[in-house]
Amino acid sequence: MATGAELGYQTNASAVQMAQTIFGDGVTVVGANYTGDNRSSAIYSNGDALAPGATPGDSGVILSTGRANHFTRSGGDPNRSGSTSTNTSGQNNNSDFNAAAGTNTYDASYLDVSFTVDDPTVTQMTMQFVFSSEEYPEFQNSVYQDFVGVWVNGAQVDLAVGNGDADPGNVNSTNNENLFLNNANDDYNTEMDGLTVTMTLTMNIVPGIVNTIRIGVADVSDSSYDSNLLIAADSVQTDVVANADSATLFPTGQTTIDVLSNDQNGSGGTLTITHLNGIAVSAGDIVTLNTGQTVQLNADGTITVFGDGDTEDFNFTYGVDNGTNNDTGFVNVSSIPCFVAGTMIKTPKGEKRVESLRLGELVETRDDGAQPLRWIGRRTVEAQGDFAPIRIRAGTFGQDRDLLVSPQHRMLIQDSLAELLFGEDEVLVAAKDLINDHSITRSPGERVTYVHLMFDTHQVIYSEGLATESFLPGPQTTDLFEQPVLDEICAIFPELDPATGNGYSPAARRTLRSFEAQLLLADPKAA
């Protein structure tokens, strides 16, 4: 149990002082303005010593829908009230916050900063933060979704987890629960009932121009119950950017992930993992997640995730440092890519339901004509949460009918921007990375049967008229399947090394990581 102790609060800090506090290497502040009650913002200090786990860094900036210095108490129990509300004169019904929330917002406290990028080749920037709120736990599933809003050059920036929102509905004790900290028992030195672990936003920026960013927090649907955004000092920077990673895991298996391989490292120092889900670690340490899985840091800088027997999607964070700067990255762990039963697959004899296909049956492919099916797998799971299938509505990519696929299933995207960015005009993008909350959405239900199709080589086939991938065995194959299924696949493909994925064909097209997909989809013509 923590003991109440006041952080240092510089409540008279100017907008420029706050901007210079949170902006670090690789970016230069040009100007800044603050909008909100003058008691709702501050530069905080002494976070590591007095409020470990409740602040994203030892110092930084706090923006609040109440009073910034009400984040902590001066002594005794740190969390004495379940409904802290402070009447302030923050901005009501700001158009950006209203549009993002889809309703009225109140007591907004936000910082507008203009800045330039120091390196003309850099196009990514990051920010580390903690969201805390009195809306937990009573209103985490209500309309009162106080939230963090960040806009870069006018475009809203989403989290790389869940529905993309930093609010009580997206991160709580049941949704993305590994990222949530419950403070009902005074475990953390803050008056807030609930808070997140240190999280990150990865943002696209433009070198050679003056960029703008709006960072803030607002009450939603009413002005009651305080919420706070804490931003770590020097964390808005371009030197170290921990891009989100995705992996697949069989419930009782294990998978090893090289999370550092796609991270941006501007200064060239050695990247070292320092934390797993907010807990300081060194090589060999194991952290148990709220969802039950365990995560181990390996001596070579990779991490291994061990299943706990549950069939579920989950996520966690890791901290990375290059000796000069640090960042936090997300790891999203999901099921294997597959079709939903009922999906119509194009064959030489016309379209057939995927569950009716048989081994040896011919299926039309984009590159090699009709090809025989070599392996078919099936699994039925609960269609809830992150395990729910993704619905791509008719017409989104020109297809005539809705398509349902697993979140990891990749779609073939054709776009001239892909050639400019990646050197290829056709790329494969995971369905979960295409979600836009209108034409591509999660589709929860009761139960769903997923079907996996595998050919002699990785293929692009047609499902509901849309070009999609077949199953591609990778380094995680041994972690995805129980031994009898693995033996079946290896008997069909004896040259396949299930430990590495070697011995099978390469991917039919370049496969984009989550952050690459976001670069592509920032162009409205791409999706």
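## Helix α7

The buried residues of helix α7 are Ser514, Phe515, Glu516, Ala517, Leu520 and Leu521. In this predicted model, the helix spans residues 514-521 and is mostly covered, with six of its eight residues buried.

The cover over these buried positions is supplied by several elements. Among them are the strands β6, β15 (245-248), β33 (410-414), β34 (426-430) and β39 (510-511), together with the helix α4 (416-422).

## Domain organisation

Three domains make up the division of the chain: domain 1 covers 8-232, domain 2 covers 240-334, and domain 3 combines 339-472 with 507-521. Between the C-alpha centres of domain 1 and domain 2 the separation is 24 Å. In the contact of these two domains, 19 residues come from domain 1 and 22 residues from domain 2.

## Interface of domain 1 and domain 2

The area buried between domain 1 and domain 2 is about 1600 Å², and carbon and sulfur atoms account for 44% of it. On the domain 1 side, Gln124, Gln128 and Asn178 contribute 35% of the area buried against domain 2, more than any other three residues.

How many salt bridges and how many polar contacts link domain 1 and domain 2? The rule finds zero salt bridges across this interface. Polar contacts, by contrast, join 15 residue pairs, with both partners at pLDDT 80 or more.

Two elements give two or more residues to the side of domain 1 that touches domain 2, namely β6 (124-133) and β11 (199-204). Of the elements on this side, β6 gives the most, with four residues. Classified by residue type, the side of domain 1 that touches domain 2 holds nine nonpolar, eight polar and two charged residues. Strand β6 is also listed among the elements that cover the buried residues of α7.

## Surroundings of Thr28

Thr28 belongs to strand β2, which runs over residues 27-35. Is Thr28 buried, partly exposed or exposed? Its relative accessibility is 37%, and therefore Thr28 counts as partly exposed; the class lies between the limits of under 20% for buried and over 50% for exposed.

Leaving aside residues up to four places away in sequence, Thr28 touches Ser114, Phe115, Thr116 and Asp118. One of these partners, Asp118, is 90 residues from Thr28 in sequence, while their C-alpha atoms are 7.0 Å apart in space.

Conventions
Residues are numbered from 1 along each chain as its sequence is written. This is a predicted model: local features need pLDDT of at least 70, side-chain atom pairs count only at pLDDT 80 or more; totals for chains, interfaces and linings use all residues. Side-chain values use heavy atoms; hydrogens and water are left out. Domain bounds come from an automatic or database domain assignment. Contact means heavy atoms within 4.5 Å. Buried area is the accessible area (1.4 Å probe) that two parts lose on being put together, summed over both. A salt bridge is a side-chain nitrogen of Lys or Arg within 4 Å of a carboxyl oxygen of Asp or Glu. A polar contact is a pair of N or O atoms within 3.5 Å; within protein, one must be able to donate a hydrogen and the other to accept it, and residues adjacent in sequence count only if both atoms are side-chain atoms. Ala, Val, Leu, Ile, Met, Phe, Trp, Tyr, Cys and Pro count as nonpolar, Asp, Glu, Lys and Arg as charged, and the others, Gly among them, as polar. Buried means under 20% relative accessible area, exposed over 50%, partly exposed in between (1.4 Å probe, protein chains only).
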